[in-house]
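Dear colleague,

I am passing on to you the structure we spoke of, with its sequence. Please look through it before reading my notes underneath.

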Amino acid sequence: MTMDTFVFVANVSDLTPGSMKTVIISGGKSLALANVDGEFFAIDDTCTHEQCSLGTEGALDGSVVICGCHGANFDVTTGKVLALPAPTDVASYEVKIENGQVFVKL
Ligand code: FES
């Protein structure tokens with residue numbers, strides 16, 4: 001049996017609805033954390049096209065992340081590519097909220 005590991009990434013108050021940011025977690029891994037109408041989602045921060053930071057350089061439109069470099073679109077709820085030029089999906093991670101804190105399952 002494997003233990004699920006949830007790590008703290010941010011406070012709920014750090015992100016207003018409609019906003020997104022890059023969070024660095026242990027091991028130097030970066031995630032893009034998004035608040036979509038009060039619901040939080042986490043995907044890998046690195047665009048699969050030319051490795052731009054989605055959370056820092058990208059924009060959030062509803063549940064769609066638009067890469068700031070060349071305009072690839074990802075669904076922040078699943079990590080799936082919705083528009084080129086990104087060739088592959090990014091990973092998405094389960095998120096839970098407890099006591100006003102956001103945790104991501106790795
Ligand atoms: S690096 Fe994201 S679209 Fe090019």
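What follows is a short account of what was found, going from the overall fold to the interior.

Please keep in mind throughout that this is a predicted model. The protein chain holds one helix and 11 strands, and when these are read along the sequence they give the pattern β-β-β-β-α-β-β-β-β-β-β-β. The radius of gyration is 13 Å, close to the 13 Å that the globule rule gives for 106 residues, so the protein chain is as compact as a globular protein of that length. The C-alpha trace spans about 35 × 30 × 20 Å along its principal axes. If we take contacts between residues at least 6 apart in sequence, 40% of them join residues at least 24 apart.

Turning to the surface, the accessible area of the protein chain is about 5,600 Å², and carbon and sulfur atoms account for 50% of it. Its charged side chains number 5 positive and 13 negative, with the centres of the two sets 8 Å apart.

As for the interior, 37% of the 106 residues count as buried. The largest nonpolar core has 17 residues, of which I43, L54, L60, V65, F74 and V76 touch the most other members. Both β3 (29-36) and β4 (39-44) supply at least two residues of this core, and β3 gives the most to it, with three residues. Another core, of 13 residues, lies apart from that one, and includes L15, L33, A42 and V102. In soluble globular proteins, nonpolar side chains tend to be buried together.

With best wishes

Methods
Residues numbered from 1 in each chain as written. Predicted model: local features only at pLDDT ≥ 70, side-chain atom pairs only at ≥ 80, totals over all residues. Heavy atoms only, no water. Helix = DSSP H or I, 4+ residues; strand = E, 2+ residues; numbered from the N terminus. Rg over C-alpha atoms; globule rule 2.2 N^0.38 Å. Buried < 20%, exposed > 50% of the residue type's maximum accessible area, 1.4 Å probe, protein only. Contact = heavy atoms within 4.5 Å. Areas by Shrake-Rupley, 256 points an atom, 1.4 Å probe, with all protein chains shown as cover. Lys, Arg positive; Asp, Glu negative; His and termini not counted. Charge placed at Lys NZ, Arg CZ, Asp CG, Glu CD. Core = buried A, V, L, I, M, F, W, Y, C linked by side-chain atoms within 4.5 Å.
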